[in-house]
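Trainee: I'd like a close look at a single part here, please. Start from one spot and build the surroundings up around it for me.

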Amino acid sequence: MDLNGKVAVVTGAGRGIGRAIAEKMAEHGARIIVADVAIDNAVHVSEDLNADGHEAEPIAVDVTRQSSVDRMTRGAVARFGRLDILVNNAGIIGARGWETRGRPNDRDWDTIYAVNVKGVANATNAVSRHMRRQNYGKIVNIASVAGRQGSPGNPPYNVSKAGVISLTQATALELAPFNVNVNAICPGLLWTPMWERIATRQTKYDAASKGLSPRKAFERTVAERIPLGREQTPEDIGNLAVFLASDLAENITGQAINVNGGARMD
Ligand SMILES: NC(=O)c1ccc[n+]([C@@H]2O[C@H](COP(=O)([O-])OP(=O)(O)OC[C@H]3O[C@@H](n4cnc5c(N)ncnc54)[C@H](O)[C@@H]3O)[C@@H](O)[C@H]2O)c1
């Protein structure tokens with residue numbers, strides 16, 4: 001898989017899955033814009049990539065604001081002269097304090113929608129303008145197994161990830177005439193800061209997880225839900241993102257591909 005000469009913007013790349021996607025794409029030759037609302041983390045990831053001999057630049061972005069993603073896009077093109085790949089990875093499980101609430105509240109609904117759905121649309125709008133002009137681009141959206149399958153406790157997140165799959169299909173059709181491929185990845189269960197929040201909430205509100213440490217609650221969930229019996233890793237998602245962003249995937253568009261150890265088979 002060859003990304004030499006390509007420039008990739010990865011949102012939410014300051015930690016977790018986004019960081020691994022940025023690292024994998026850099027390993028395969030791409031120059032990386034490490035975009036995150038947490039700029040200190042973005043700077044840190046960028047420094048690590050540059051120290052390993054790759055080319056990376058941190059940019060502060062809040063994907064909920066169109067003006068911010070427009071600025072990110074201009075910054076990326078100014079820094080590297082082109083923009084070939086967008087990974088819409090930034091996402092949240094709930095608003096501040098979500099893990100201390102048994103049910104999501106209005107703020108959770110609004111914030112999850114703003115980041116997970118509007119955020120993807122905002123960044124796609126900004127970056128695809130550039131991709132249309134160059135008649136080339138690859139967009140990879142990070143959805144979730146939760147977008148395909150209901151799960152108890154956090155409907156706004158399920159709805160938002162189903163929205164990402166739907167948005168992927170609509171955008172794929174819209175951008176196909178401009179030689180832009182748009183696909184989604186549906187990860188299963190990965191131990192990142194996001195899942196630490198989920199597990200913390202489980203230990204408060206899920207009877208079977210009470211008394212367990214967050215990590216043990218996560219392991220219990222993996223054993224219960226994943227046929228292969230093991231958690232997925234950020235590197236697993238990075239590997240598929242590299243493939244979808246490469247020209248090996250030039251005839252794949254509008255798809256949502258599972259990386260979930262067999263938890264869903266559609
Ligand atoms: N961890 C899992 O098991 C899992 C499973 C399925 C899907 N996902 C999805 O994968 C993606 C990454 O998840 P993760 O587990 O690495 O989460 P994480 O919380 O560890 O990282 C999310 C990153 O997004 C950034 N971010 C949040 N809001 C932002 C905003 N408004 N603008 C820009 N950046 C913002 C955060 O600062 C953080 O760096 C998310 O879309 C998540 O929904 C995760």
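Mentor: Let's get one word straight before we start: two residues are in contact when they have heavy atoms within 4.5 Å. With that in hand, take A249: leaving aside neighbours within four places in sequence, A249 is in contact with N181, F243 and L244. Keep in mind that this is a predicted model, where local features need pLDDT of at least 70 and side-chain atom pairs count only at pLDDT 80 or more, while totals for chains, interfaces and linings use all residues. As for bookkeeping, residues are numbered from 1 along each chain as its sequence is written, and side-chain values use heavy atoms, with hydrogens and water left out.

So where is our spot? A249 sits in the loop between α8 (234-245) and β7 (256-259). Those labels are DSSP runs numbered from the N terminus: helices are H or I with at least four residues, strands are E with at least two. A249 has 0% relative accessibility, so it counts as buried. The cut-offs are under 20% relative accessible area for buried, over 50% for exposed, and partly exposed in between, using a 1.4 Å probe and protein chains only. N181 is 68 residues away along the chain, yet its C-alpha atom is 8.5 Å from that of A249.

Now step back to N179. N179 belongs to the loop between α5 and β6 (180-187). Its phi is near 60°, a positive value in a residue other than glycine. At 39% relative accessibility, N179 is partly exposed. N135, in the loop between α4 and β5 (137-142), also has a positive phi, near 55°, without being a glycine. N135 is partly exposed too, at 41%.

The two helices that lead into those loops pack together. α4 and helix α5 (residues 155-175) meet at about 15°, with their axes 9 Å apart; that makes them roughly parallel. Axes are lines fitted to C-alpha atoms, for helices over the stretch in contact, and angles run from 0 to 180 degrees between N-to-C directions. Under 35 degrees counts as roughly parallel, over 145 as roughly antiparallel, 65 to 115 as roughly perpendicular, and the rest as oblique. The crossing of α4 and α5 is right-handed: the near helix is turned clockwise from the far one by less than a right angle, with anticlockwise being left-handed. On the α4 side, the residues involved include W109, I112 and V120, and on the α5 side they include Y157, V164 and L167.

α4 (106-134) has another job in this picture. Together with β1 (7-11), β2 (31-36) and β3 (56-60), it is part of what covers the buried residues of α3. Those buried residues are S68, V69, D70, M72, T73, A76 and F80. S67, also in α3, is partly exposed, with a relative accessible area of 40%. Its C-alpha atom is 9.9 Å from that of A123, which lies 56 residues away along the chain. How far does α3 (residues 66-80) reach? With 15 residues at 1.5 Å each it should span 21 Å, and its end C-alpha atoms are 21 Å apart, which agrees. The expected span is 1.5 Å times one less than the number of residues. Just after α3 comes G81, with a positive phi of about 85°.

For contrast, try α7 (residues 214-225). This helix has 12 residues and reaches 17 Å from first to last C-alpha, close to the expected 16 Å. Its buried residues are A217, F218, T221 and V222. They cover an arc of only 140° around the axis, which puts them on the same side of α7; the arc is that of the directions from the helix axis to the C-beta atoms. A223 and E224, on the other side, are exposed. The buried residues pack against α6 (193-205). Here the axes come within 8 Å and cross at roughly 95°, which makes α6 roughly perpendicular to α7. W195, A199, T200, Q202 and T203 of α6 make the contact with P214, A217, F218, T221 and R225 of α7.
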